[in-house]
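Let's take a walk through this protein together, starting from the outside and working inward. Keep the model open and turn it as you read.

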Amino acid sequence: QVQLVESGGGLVQPGGSLRLSCAASGIIFSIYDMGWYRQAPGKQRELVATIPSGGSANYADSVKGRFTISRDNAKNTVYLQTNSLKPEDTAVYYCNAHRRRPYPVRDSDYWGQGTQVTVSS
């Protein structure tokens, strides 16, 4: 059974930092592309950052220079370091594990339950 468990969210003042973690089990973590997404109230879920199984990380323009995604394959964990947080970063942050499969096999795609990040003074 695949599980993605996020942690590290909370309430933080503008300009503050949080480190989000996502621990994965039930998958061969090292071969999955990992990502963080977020969903604010009344808005669609949006990509924050991704880090492929091999290759460079990618970031949404809104978080470039402030957020850093990293992974530890030995610990089956992906992290999101969030710095210089703004009120507009307030959202539920979700961890995603994705693996492309050759046609006609469907891609493997898993989600965590999310962790709330609230940026407010």
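The accessible surface of the protein comes to about 6,800 Å², and carbon and sulfur atoms hold 46% of that area. Keep in mind that what you're looking at is a predicted model. Beneath that surface, buried residues make up 39% of the 121 residues.

How far does the chain reach in space? Along the principal axes, the C-alpha trace spans about 50 × 30 × 25 Å. As for what the chain is built from, count the elements and you'll find zero helices and 11 strands. Following the sequence from start to end, the pattern reads β-β-β-β-β-β-β-β-β-β-β. The radius of gyration is 14 Å, close to the 14 Å that the globule rule gives for 121 residues, so the protein is as compact as a globular protein of that length. Contacts across the sequence are part of the picture too: among contacts with a separation of 6 or more, 56% are between residues 24 or more positions apart.

Now for the charges. The protein carries 13 positive and 9 negative ones, and the mean positions of the two sets are 2 Å apart. Some of these charged side chains pair up, and the structure holds five salt bridges.

A good place to start with those is Arg38. What does Arg38 pair with? One partner is Glu46, where the closest N and O atoms of the salt bridge are 2.7 Å apart. The two ends sit in rather unlike surroundings: Glu46 is partly exposed, with a relative accessible area of 37%, whereas Arg38 has 5% relative accessibility and counts as buried. The cut-off for buried is under 20%, which is why Arg38, at 5%, falls in that group.

Arg38 also forms a salt bridge with Asp89, and here the closest N and O atoms are 2.9 Å apart. This pair links distant parts of the chain: Arg38 belongs to strand β4 (residues 33–39), while Asp89 sits in the loop between β8 (77–82) and β9 (91–99), 51 residues apart. Are the two partners buried or exposed? Both Arg38 and Asp89 are buried.

For a contrast, look at Lys64 and Asp61. They form a salt bridge as well, with the closest N and O atoms 3.2 Å apart, but here Lys64 is exposed, and so is Asp61. Back with the other group, salt bridges that share partners join Arg38, Glu46, Arg66 and Asp89 into one network.

While you're around Arg38, find Val63. This residue is in the loop between β6 (58–59) and β7, and it is buried, with a relative accessible area of 0%. What does Val63 touch, once its neighbours within four places in sequence are left aside? Val63 is in contact with Arg38 and Val48. Another pair to look at is Val63 and Lys86, which are 23 residues apart in sequence and 10.0 Å apart in space, C-alpha to C-alpha.

Next come a few spots where the backbone does something less common. Most residues other than glycine have a negative phi, and most peptide bonds are trans. Asn76 goes the other way on phi, with a positive value near 55° in a residue other than glycine. You'll find Asn76 in the loop between β7 (67–72) and β8, where it is partly exposed, with a relative accessible area of 25%.

Ser84 has a positive phi too, about 50°, although it is not a glycine. Its place is the loop between β8 and β9, and Ser84 is partly exposed as well, with a relative accessible area of 41%.

Where is there a cis peptide bond? One joins Tyr103 and Pro104, with omega at about 5°. Pro104 lies in the loop between β9 and β10 (108–111).

Stay in that loop for one last stop. Arg106 is also placed between β9 and β10, and it is exposed, with a relative accessible area of 74%. To get a sense of distance, trace from there to Gln39: the two residues are 67 apart along the chain, and their C-alpha atoms are separated by 25 Å.

Key:
Residues numbered from 1 in each chain as written. Predicted model: local features only at pLDDT ≥ 70, side-chain atom pairs only at ≥ 80, totals over all residues. Heavy atoms only, no water. Salt bridge = Lys/Arg side-chain N within 4 Å of Asp/Glu carboxyl O. Buried < 20%, exposed > 50% of the residue type's maximum accessible area, 1.4 Å probe, protein only. Helix = DSSP H or I, 4+ residues; strand = E, 2+ residues; numbered from the N terminus. Rg over C-alpha atoms; globule rule 2.2 N^0.38 Å. Contact = heavy atoms within 4.5 Å. Areas by Shrake-Rupley, 256 points an atom, 1.4 Å probe, with all protein chains shown as cover. Lys, Arg positive; Asp, Glu negative; His and termini not counted. Charge placed at Lys NZ, Arg CZ, Asp CG, Glu CD.
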